[in-house]
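Biologist: Please choose a single part of this model and look at it closely, setting it first within the whole chain and then following its neighbours outwards. I would like one connected account that I can read beside the structure.

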Amino acid sequence: MWHKRFFVSTLFDSRTTFSFRNRAFTNIELVSRNDAGGALGTAYNFKDLLGIKQNLQAGLNTKVLYRYSIDKTLTAADITSNTSFSDAIPRNAGIGVGFDLGLKGEIPTFDIGWWNYLKPTAAFVWQDIGNPRFSGAAPNTPQSMTVGIGFHPMWGKWRLHLENDFRNFNQDQSFMKQWHVGAEIMGPRMANFFTPSFRVGSNQGYLAVGTSFDLRWFKLEVAAYKEEVGQFTRQKGVQRLAGNLSFGSGGAKSDKKAPVGEEIAPPAAVE
């Protein structure tokens, strides 16, 4: 839920993956991370301050999460040496606090016609600043940094968003796992009631699709995409489903965006 410069949200993120790395010896890799909690954040636009003529937004949020996780490679010996399958799986849980920072601004166009038509923007996001620690034996979250660039021209009454970003560029990952590109077409307000949008793109080299409906008091978003869980690029893509329901005030608008730094559509997935 957001209002003016502040927002409050609840978070739930569940990811579980079963992988058979070595079928000859019946090894099962089980990785599960489940987070639940809430976030409180704020954002501010520095336009017209200190001579800044373009929109330049900065956002910060604080989140408190409860984490329940499993990370175990099971062998036949693990299963036979325990009275039940559940006893062979170690579980860890704990509470952690994290901070995110976001910057988003318009790129100067210098009144160049075609450049002004594209309405370019750039952004930087620093998530989980300082590698948040969790109590107990729950795994910590490594900090991640993302940079991106976007173009937002009008197509008749429809707004087109073309965006390209590189995520986790501070981590040792392959190029394809860091690269994300997509397009969104956002319609005008329809029947004086809602604003639709449709999205398609590539997530780590896999197809991603989504849609949203922005109504007067709330916004519903859904998406389907694949995420790489293998050791190499395009080795093993796992299907993910994401959903988000957010509440706010001010009515549906074709250019309405969530505050900078607000993490929307937390994915919930199971393979």
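Modeller: The protein has 3 helices and 15 strands, and what follows rests on a predicted model. Of its 271 residues, 34% count as buried, while the accessible surface comes to about 15,400 Å², with 63% of that area belonging to carbon and sulfur atoms. Among contacts between residues at least 6 apart in sequence, 52% join residues at least 24 apart.

The part I have chosen is strand β13, which covers residues 218–228. On one side, β13 runs antiparallel to β12, and 6 bridges join the two strands; the connection between them is a hairpin through 2 residues. Within this pairing, threonine 211 stands opposite valine 222 of β13. β13 also pairs in the antiparallel sense with β14, here over 11 bridges, and phenylalanine 218 has phenylalanine 247 in β14 as its bridge partner.

Several of these residues return when one turns to the surface. Met1, Phe213, Trp217, Phe218, Leu220, Val222, Leu245 and Phe247 form a nonpolar patch there, with about 780 Å² of accessible area together. Two elements, β13 and β14 (237–247), give two or more residues to this patch, and β13 gives the most, with 3 residues. Both members of the bridge pair Phe218 and Phe247 therefore belong to the patch, as does Val222, the residue that faces threonine 211. Leucine 220, another patch member, is found in strand β13, and because its relative accessibility is 39%, it counts as partly exposed.

Phenylalanine 213, also in the patch, leads from here to a set of aromatic contacts. Its relative accessibility is 33%, so phenylalanine 213 counts as partly exposed. The ring of phenylalanine 194 is also partly exposed, at 23% relative accessibility, and it forms an aromatic pair with phenylalanine 213 that is tilted, at 6.1 Å centre to centre and 50° between the planes. This pair links distant parts of the chain, since phenylalanine 194 lies in strand β11 (residues 194–203) and phenylalanine 213 in strand β12 (residues 206–215), 19 residues apart. In the model as a whole the count comes to 8 aromatic pairs. Phenylalanine 194 takes part in another of them with phenylalanine 193: the ring centres are 6.3 Å apart and the planes stand at 80°, so this pair is edge-to-face. Phenylalanine 193 is itself partly exposed, with a relative accessible area of 46%.

Further along β13 one comes to charged residues. Lysine 226 lies in this strand and, at 32% relative accessibility, counts as partly exposed. Setting aside neighbours within four places in sequence, lysine 226 is in contact with Asn203, Tyr206, Leu207, Gly237, Val238 and Gln239. Its C-alpha atom is separated by 9.3 Å from that of lysine 236, which is 10 residues away along the chain.

Glutamate 227, by comparison, counts as buried because its relative accessibility is 17%, under the 20% limit for that class. Side chains of opposite charge can pair when their charged atoms come close. Glutamate 227 forms a salt bridge with arginine 15, the closest N and O atoms being 2.8 Å apart. That pair reaches from strand β13 to arginine 15 in strand β2 (residues 6–22), across 212 residues of sequence. Both residues are part of a network of salt bridges that also links Asp13, Arg33, Asp35, Arg67 and Arg240.

A search of the whole structure finds 11 salt bridges, and one of those outside this network joins arginine 199 to glutamate 184, with the closest N and O atoms 3.0 Å apart. Arginine 199 lies in strand β11 and glutamate 184 in strand β10 (residues 179–186), so the pair ties together parts that are 15 residues apart in sequence. Here glutamate 184 counts as buried, at 10% relative accessibility, whereas arginine 199 is partly exposed, with a relative accessible area of 26%.

How values were computed:
Residues are numbered from 1 along each chain as its sequence is written. This is a predicted model: local features need pLDDT of at least 70, side-chain atom pairs count only at pLDDT 80 or more; totals for chains, interfaces and linings use all residues. Side-chain values use heavy atoms; hydrogens and water are left out. Rings of Phe, Tyr and Trp (its six-membered ring) pair if their centres lie within 6.5 Å; planes under 30 degrees apart count as stacked, over 60 as edge-to-face and the rest as tilted. Buried means under 20% relative accessible area, exposed over 50%, partly exposed in between (1.4 Å probe, protein chains only). Helices (H or I, at least four residues) and strands (E, at least two) are DSSP runs, numbered from the N terminus. Patches are made of residues with over 30% relative accessible area and no salt bridge: like charges are joined within 9 Å, nonpolar side chains (Val, Leu, Ile, Met, Phe, Trp, Tyr) within 5 Å. Accessible areas come from the Shrake-Rupley method with a 1.4 Å probe; for residues, only the protein chains shown count as cover. A salt bridge is a side-chain nitrogen of Lys or Arg within 4 Å of a carboxyl oxygen of Asp or Glu. Two strands pair if DSSP finds at least two bridges between them. Contact means heavy atoms within 4.5 Å.
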